[in-house]
Each structure stands twice: as C-alpha cells, then as structure tokens.
Amino acid sequence: MIREAKIFDIPRINELGELLNPNFRKVFNINEMLNDGYSKVIVYEKDDKVVGFISGTILYDTCDILDIVVDPQYRRKNIASNLISYLISEGGENLKLMTLEVATKNIPAINLYEKFGFEVVYTRKNYYKDDDAYLMARKSE
Ligand SMILES: CC(C)(COP(=O)(O)OP(=O)(O)OC[C@H]1O[C@@H](n2cnc3c(N)ncnc32)[C@H](O)[C@@H]1OP(=O)(O)O)[C@@H](O)C(=O)NCCC(=O)NCCS
C-alpha cells in the first residue's frame, strides 16, 4: 500500500534514510516536512511495515525529488517505481518539471530515473564527499 507518511512513520523513515546518508536525520526534518504544505513524504507499506519512502517538494509546476530509499530486502520489486509514479500523480496536470541530484556512481538509481524519462542535464562537481552529482530533469508536455 502507498500512502502519505504520518508522524508515527518518522523513526522508520529516518532509519531507511540513514541507509543512504548517515546524517539523514540532521539534514532532513521529516516532522517539519509533514507540515510545511509543499513537501511530500510518501511511504510504501508491505508485510505490515514501511519498506520504502520517497520525499520531495512540489512548488508551482516543479517537483524536486529529495530522497528515495527501499529496504534492501525489498529491492527489485518495483517499489521505487511505484513511489515515483505516486509522486508524479500527486503533482497532477500542473507538473511540468521534475529534478533531482544523484551520485554519478549510483547506477541503480540512475537506471531507475532514466526509466521515468529523466535525463542528465548538468554535473555538479564534488557535490558529495566522494562523488560528483548528476542533476537530472524530466520535462512533461
Ligand atoms: C535505487 C533504489 C531506490 C531502487 O529501488 P527498487 O525498488 O529496487 O527499484 P525498482 O524495483 O522500482 O526498479 C526500477 C528500475 O530501476 C533500475 N534498477 C533498480 N535496481 C537496480 C540495480 N541494482 N542495478 C541496476 N538497475 C537497477 C532498473 O532499471 C529497474 O527496472 P527493471 O527492474 O525493470 O530492470 C534502491 O536500490 C535503493 O534504495 N537504493 C539505495 C538508496 C538510493 O541510492 N537512493 C537514490 C538516491 S538518489
């Protein structure tokens, strides 16, 4: 099941977020994101637990994906794809542009985004401690 995150999901979201970024809970205040009116945090539940989430902001016609993480035991089951589709549908017809940053070495994530029509538009040098980042974008007609 896919649904909007609730306050009781925050510890699990932080746990999953830390798989991607050890400083996750210092950098992202999920509690604030649930209430600021422009952030979206969506969770995927399976076997009675949250096994993945996506977070992003939707401002005017632009959605910026901030994080997407799936529990390692549940990968390659289309969960991330479902989360991205859900976020796209949240943007509705107004949504014209989606953007995100991804480490240039993160092949699984790059493949995932390319599947959704994202293209590399810029390389941000030294964006991460040990890697550059691709800025990827997806335009809708
Ligand atoms: C990237 C990530 C979110 C993908 O989640 P997932 O639920 O396994 O993805 P899906 O099952 O929806 O896969 C969709 C597509 O992504 C690509 N993909 C996913 N995992 C891949 C892998 N290990 N190797 C290569 N391509 C991969 C494939 O194109 C796949 O389509 P296919 O199964 O038809 O080949 C997951 O690997 C993850 O949590 N990684 C750690 C966190 C991370 O790096 N997040 C991105 C930060 S920018």
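Here is a short chat about the ligand shell and the two domains of this predicted model.

Residues are numbered from 1 along each chain as its sequence is written. In this predicted model, local features need pLDDT of at least 70 and side-chain atom pairs count only at pLDDT 80 or more, while totals for chains, interfaces and linings use all residues.

Trainee: Which residues come nearest to the ligand?

Mentor: A residue is near the ligand if its C-beta atom, placed from the backbone, lies within 6 Å of it. There are 19 residues around the ligand, and the ones that come nearest are R75, A80, S81, P108 and L112.

Trainee: Which element gives the most to that shell around the ligand?

Mentor: Helices (H or I, at least four residues) and strands (E, at least two) are DSSP runs, numbered from the N terminus. β4 (62-70), α4 (79-91) and α5 (107-115) each supply at least two residues of the shell. The top giver, with six residues, is α5.

Trainee: Why does the ligand shell lie between the domains?

Mentor: The chain is divided into domain 1 (1-95) and domain 2 (96-141), with bounds from an automatic or database domain assignment. The shell lies between them because residues come from both domain 1 and domain 2.

Trainee: How many residues does the contact take from each domain?

Mentor: The C-alpha centres of domain 1 and domain 2 lie 17 Å apart. Two residues are in contact if their C-beta atoms, placed from the backbone, lie within 7 Å. The contact takes nine residues from domain 1 and, from domain 2, eight residues.

Trainee: On the side of domain 1 that touches domain 2, which element supplies the largest share?

Mentor: β4 and α4 each supply at least two residues there. The largest share is four residues, and they come from β4.
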